[in-house]
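Visitor: Please walk me through this model. Keep the answers short.

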Amino acid sequence: MENLIALLIAAPLLGAAVLLTGGRRLDRVGHWIGTLLSAASFVFGLILFVDLLGKNAEHRTLIKHLFSWVPVAGFQADATFRLDQLSMTFVLLITGVGSLIHLYSVGYMEHDERRRRFFGYLNLFLAAMLLLVLADNYLLLYVGWEGVGLASYLLIGFWQHKPSAATAAKKAFLVNRVGDMGLSIAIMLMFTTFGSFAFGPVLSHATQASEGKLTAIGLMLLLAACGKSAQVPLQSWLGDAMEGPTPVSALIHAATMVTAGVYLIVRSGAVFNAAPDAQLAVTVVGAVTLLFGAIVGCAKDDIKKALAGSTMSQIGYMVLAAGLGPIGYVFAIMHLVTHGFFKAGLFLGAGSVMHGMNDEVDMRKYGGLRTYMPVTFITFGLGYLAIIGFPGLSGFFSKDKIIEAAFAKGGTEGWILGGAALLGAAITAFYMTRVMLMTFFGEKRWQPDENGNEPHPHESPRVMRIPMIVLAVGSVFAGGLFSIGDRFLHWLEPVTGHSEGHSPVSAWTVTGATMVCLLVGVGIAWAQYGRKPVPAVAPRGSLLTRAARRDLLQDDFNHVVLVRGGEHLTRSLVYVDHTLVDGVVNGTAAGFGGLSGRLRRLQNGFARSYAVSMFGGAALLVAATLLMRAV
Amino acid sequence: MNPVNYLYLAALLFTIGATGVLIRRNAIVVFMCIELMLNACNLAFVTFSRMHGNLDGQIIAFFTMVVAAAEVVVGLAIIVSLFRTRHSASVDDASLMKL
């Protein structure tokens, strides 16, 4: 069984290698090779899952030692994989949703001449992400972590002929590097503290280290998670990453990449449990991001950017839950899985809408599409109901649990975090209803473009519809399947641990409050976008709206503080270099030059003046000798 | 006779020779002044040999004479060829060796 773990990663990796080196002769079948290998990986995952289910809860950890990677005395890094309940959950999510996205891309990228390459990158993405979640030590995890960064760079910039896409890819890569630095520092700290960076020693000895060191490790891990999971303050790349093809957005936002940060925090739970300050930082980042993303999502007219804001916000929920400690880990992962279903569904739905609308992304130019693309409408609608937490759908179960856990944190913190989560739920209901109403309801607002081509909205081909339907089914039932009888809790508890918090408010009160928030959000959105016609040109809007359209001035902040600051720093360094360093060097050279210029005059070509110096020298020698004698 | 007087004579001859080297321009005269200085040295060597009662100084005087003879041959050849090219025996005219 353990050998299957290696195959799990090998399948998409092989796909990437074959597709990227195979050349043009694979153009006609390349997309099916990619999809098949991804599906094969999913099948391996299912087999392993069934195998794990057949075992006792204590024996559900499979270790596969592949080879000794860096065998140095005192520094042992092995290529070892660990498959436990947490990795298994991720494997199924990554390969399952990933395979559906592959299938969808077959249709979506049909007319792209570089489709084979696209599938190669998709497979690389899956392989890197699988390596990340299956690694048994932080160094191997780091390899996967970087692989994910590389694959996201290649995919976001896939349409590299567009300058905006190339820039967005670079931005994603650079912002991610900041987080990567945090991870590498965390790994070094672990090595100096524990003498190892394998999960076993680090996590089981976490309580023996001093709290200061654990806090430092925790904060560095949080920085890493912020980069990959697009949390404040490293969230700026996520919106621009929408420049990539829509299946990429679905893959990044649902199955891979942004979930890596949550995985890292939950996996390192033992470190965070022993470092309350780091935990508090995690919850604060989560709470700030969930509101930040939600507010940004409210103001965007670009359907993909609105969904990107929503992803940021939902990941904020997960990070918040992960920061709550053992009362939240399970729910963070549960929300991650349900979110994987409905967010992938929503993105694929958005892609389907764009597919039918000549790649138009502005929601103000949609309207009334429900009659033109019924399947997209229904699947998108189910995803919508799931994300706002409509009772009975998956988002309801997972988000509700997080809000409860936030209140259960206790004290003032609990009230603030719980309040933020509730407010986030209301805003989520508002912006998702807005997306829904602007896209599928109301009057049709599209116009012929400047070439006179009027879009003819139509349903997408079957190869794109099937993944959407499967994901919609998942969005509806996953939450109930996980929550009823606490199945997911019992499944994950042996790895992450779980403790019940003591909430100051009862579970039913929280559910009731969430429902009220949901209704308020939906109601306001309906009053604004359902009852009145949507203007085709965005109104000027309030100060907050205008700021939110610009991602709450994140880019401006980065520009003024980081770019300008960096420019000033480098300029002053250049100034110091020119004046001080070059001054010393050039001054020394000029000094010697001048001195030699004067000494040169002594050599004037007149034999008699040389004779004078000779006599002078001889006289000096004699005088010196006499003087020494006298002394 | 007190041998120290010979040393005074040698010092006088050396000073005359050195002064001649420094102030005269004619290469032949400069050359002769150098010979004068060499002979002053020889005189001093011989005197010291006499004063100390051993022959080292006299031997060195012979060496000096041999070296001076060789020097005269080379020096006169240089002066003659200098005169042929420049039609002058002034040492200040041959001042091209400078930076």
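Visitor: Where in chain A is confidence lowest, and where is it highest?
Guide: This is a predicted model; local features need pLDDT of at least 70, side-chain atom pairs count only at pLDDT 80 or more, and totals for chains, interfaces and linings use all residues. Residues are numbered from 1 along each chain as its sequence is written, chains are lettered from A and ligands numbered from 1 in the order written, and side-chain values use heavy atoms, without hydrogens or water. Chain A has a mean pLDDT (the predictor's confidence in each residue, from 0 to 100) of 90, with 100% of its residues at 70 or more. The low is a mean of 82 in helix 22 (residues 543-549) of chain A, and the high is 94, in helix 4 (residues 115-134) of chain A.

Visitor: Which residues lose the most area on the chain A side of the contact with chain B?
Guide: Contact means heavy atoms within 4.5 Å. Chain A gives 10 residues and chain B gives 15. About 1,000 Å² is buried between chain A and chain B, 63% of it from carbon and sulfur atoms; buried area is the accessible area (1.4 Å probe) that two parts lose on being put together, summed over both. On the chain A side, 56% of the buried area comes from Phe606(A), Arg608(A) and Phe615(A).

Visitor: Which side chains meet in a salt bridge between Arg608(A) and its partner in chain B?
Guide: A salt bridge needs a side-chain nitrogen of Lys or Arg within 4 Å of a carboxyl oxygen of Asp or Glu. The rule finds 1 across the interface of chain A and chain B. Its N to O distance is 2.6 Å, and the pair is Arg608(A) and Asp92(B).

Visitor: Why do the buried residues of helix 20 of chain A line one face?
Guide: Buried means under 20% relative accessible area, exposed over 50%, and partly exposed in between (1.4 Å probe, protein chains only). Helices are DSSP runs (H or I, at least four residues), as are strands (E, at least two), numbered from the N terminus. In helix 20 (residues 487-496) of chain A, Phe488(A), Leu489(A), Trp491(A), Leu492(A) and Thr496(A) are buried. They line one face because, seen down the helix axis, they fall within an arc (from the directions of axis to C-beta atoms) of 165 degrees.

Visitor: Which helices do the buried residues of helix 20 of chain A pack against?
Guide: Just after helix 20 of chain A, Gly497(A) has a positive phi of about 75 degrees. The packing partners of the buried residues are helix 2 (30-53), helix 3 (85-108), helix 11 (258-267), helix 15 (329-356) and helix 19 (462-483) of chain A.

Visitor: Which residues does His339(A) touch, leaving out those up to four places away in sequence?
Guide: His339(A) sits in helix 15 of chain A. Its relative accessible area is 0%, so His339(A) is buried. The residues touched are His253(A), Thr311(A), Gln314(A), Ile315(A), Met318(A) and Ala344(A).

Visitor: Is Met257(A) buried or exposed?
Guide: Met257(A) lies in the loop between helix 10 (246-255) and helix 11 of chain A. Its phi is positive, near 55 degrees, though the residue is not glycine. With a relative accessible area of 0%, Met257(A) is buried.

Visitor: And His87(B), buried or exposed?
Guide: His87(B) lies in the segment after helix 3 (56-86) of chain B. Its phi is positive, about 55 degrees, although His87(B) is not a glycine. At 65% relative accessibility, His87(B) is exposed.

Visitor: What is the omega of the peptide bond from Val232(A) to Pro233(A)?
Guide: Pro233(A) is in the loop between helix 8 (211-229) and helix 9 (236-240) of chain A. The bond is cis, with omega near 10 degrees.

Visitor: How many residues apart are Glu243(A) and Lys162(A)?
Guide: Their side chains meet in a salt bridge at 3.5 Å, N to O. This pair links distant parts of the chain: Glu243(A) is in the loop between helix 9 and helix 10 of chain A, and Lys162(A) in the loop between helix 5 (138-156) and helix 6 (163-194) of chain A, the separation being 81 residues.

Visitor: What separates Arg571(A) and Glu567(A) along helix 23 of chain A?
Guide: Arg571(A) and Glu567(A) form a salt bridge, with the closest N and O atoms 3.9 Å apart. They are 4 residues apart in helix 23 (residues 554-600) of chain A, so the separation is about one helical turn.
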